[in-house]
Structure formats: structure tokens, C-alpha cells
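Colleague: I have this protein on my screen and would like to understand one part of it properly rather than skim the whole chain. Could you pick one stretch and walk me through it slowly, along with whatever surrounds it?

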Amino acid sequence: MVEKIKNIVVFVKDIKAARRFYREQLGLPAGQETEYMMEFLPSEGTALGVSLAMHEAAQKLVGRHTGITFTVKGLEELYARLTREGVRFTEPLEKSPWGKMAVVADPDGNEFALVEM
């Protein structure tokens, strides 16, 4: 019987650039790591896996909207810092009655929604 989701994996072509983006720029808590994959947010329930796309099927999944949304405290400050650091946003920071949202892309073009409610 399935109990829960262990992790969700995003595929990348440049693991070194991905490590800098996820660990240093987004500041995600790191878990296990090898030269081909990294795990983030391991103690939050479902972890985020970032894996080198080594097979043709995985390579086709690089550079798309992931459907993953991160909840952020201080989104305006994070948005400003990431913008200064040259990180690409595919949707700018917007404010709405329910909160704030922006869509950020990792160095390989994988997109994530950032929200503050």
C-alpha cells in the first residue's frame, strides 16, 4: 500500500549550476548528495530531488514548468536578491488579494512558483 510521496525529482543538465541555485540562491535545506543527484527539504515530508538527466527520457523533462510551488517568507526580498544575482523569473512578482507570487527558473529552465500568503 502506498503511504506517501518520498520525493519529487527535477532533472537538470548542469548539476554544478543547479547546486548553486538550489542550495545557495534559494537556500533550500540540503539532504543526501552524490555527484549525480541532490536532495533538498528532506525533513519537510516530501523531498525535492534534483538529478542529472543522464538518459534520453530524463533529458526531455529538462526546462519545463515543474508544477511545484514553494511557500516563501519574505518573497519581495528574495525576489529582489535573486533578480540582482541574475536569476531569471518567467513571471514577475505580483500581489493579489490572497498573497504574492512569482515564477522562477533554475539555470536549466525548470520553473517553480514562489508564493507568500
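Modeller: What follows is a close look at strand 3 and its surroundings. Please keep in mind that this is a predicted model.

Let's set the scene. An unreviewed UniProt entry carries the annotation "domain: VOC" for residues 4-117. Within that span, 22% is helix and 42% is strand, and the C-alpha atoms at the two ends lie 25 Å apart.

Strand 3 covers residues 37-40 and runs antiparallel to strand 2, residues 30-33, with two bridges joining them. One pairing to find on your screen is Glu33 with Met38, its bridge partner in strand 3. The turn from strand 2 into strand 3 is a hairpin with three residues as its connection.

On to the next neighbour. Strand 3 also pairs with strand 4, residues 47-52, again in the antiparallel sense, and here there are four bridges. Phe40 is a handy landmark, since Leu48 is its bridge partner in strand 4. The hairpin of strand 3 and strand 4 has six residues between the strands.

That second hairpin holds a residue that deserves a pause. Leu41 sits in the loop between strand 3 and strand 4, and its phi is near 60°, a positive value in a residue that is not glycine. As a rule, most residues other than glycine have a negative phi. Is Leu41 buried or exposed? Leu41 has a relative accessible area of 19%, and because the cut-off for buried is under 20%, Leu41 counts as buried.

Now for the side chain in strand 3 that I would look at most closely, Glu39. With a relative accessibility of 9%, Glu39 is buried. Which residues does Glu39 touch, once its neighbours within four places in sequence are set aside? The contacts are Lys6, Pro29, Ala30, Gly31, Gln32, Ala47 and Leu48. Leu48, the bridge partner of Phe40, is therefore also a contact of Glu39 under the heavy-atom limit of 4.5 Å.

Lys6 is the contact with a charge story. Side chains of opposite charge can pair when their charged atoms come close. Lys6 and Glu39 form a salt bridge in which the closest N and O atoms are 3.5 Å apart. This pair links distant parts of the chain: Lys6 belongs to the segment before strand 1, Glu39 to strand 3, and 33 residues separate them. The two partners sit in contrasting settings, because Lys6 is exposed with a relative accessible area of 54%, whereas Glu39 is buried at 9%.

How many salt bridges does the model have in total? The count is eight. Another of them joins Glu56 to Lys60, with 3.8 Å between the closest N and O atoms. Here Glu56 is exposed at 57% relative accessible area, and Lys60 is exposed too, at 62%. A further one joins Glu76 and Lys95, whose closest N and O atoms are 3.5 Å apart. Glu76 lies in helix 3 and Lys95 in strand 6, residues 89-96, so this pair ties together parts that are 19 residues apart in sequence. Glu76 is partly exposed at 31%, while Lys95 is exposed at 60%. Glu76 and Lys95 also belong to a network of salt bridges with Lys100 and Glu116.

Finally, let's see strand 3 from the side of helix 1. Helix 1 covers residues 15-25, and Ile15, Ala18, Phe21, Tyr22 and Gln25 are buried in it. These residues share one side of helix 1, because they cover an arc of only 165° around the axis. Strand 3 is part of what covers them, as are strand 1 (7-12), strand 4, helix 3 (75-84), strand 7 (99-105) and strand 8 (111-116), among the elements included there. The face turned away from that buried side carries the exposed residues Lys16 and Glu24.

The two ends of helix 1 are worth a glance as well. At its N-terminal end, Asp14 acts as a cap, with a side-chain oxygen 3.2 Å from the backbone nitrogen of Lys16. Just after helix 1 comes Gly27, with a positive phi of about 75°.

Definitions and conventions. Residues are numbered from 1 along each chain as its sequence is written. This is a predicted model: local features need pLDDT of at least 70, side-chain atom pairs count only at pLDDT 80 or more; totals for chains, interfaces and linings use all residues. Side-chain values use heavy atoms; hydrogens and water are left out. UniProt positions are given in the numbering used here, feature names are shortened, and annotations may be inferred rather than shown by experiment. Two strands pair if DSSP finds at least two bridges between them. Buried means under 20% relative accessible area, exposed over 50%, partly exposed in between (1.4 Å probe, protein chains only). The arc is that of the directions from the helix axis to the C-beta atoms. A polar contact is a pair of N or O atoms within 3.5 Å; within protein, one must be able to donate a hydrogen and the other to accept it, and residues adjacent in sequence count only if both atoms are side-chain atoms. A salt bridge is a side-chain nitrogen of Lys or Arg within 4 Å of a carboxyl oxygen of Asp or Glu.
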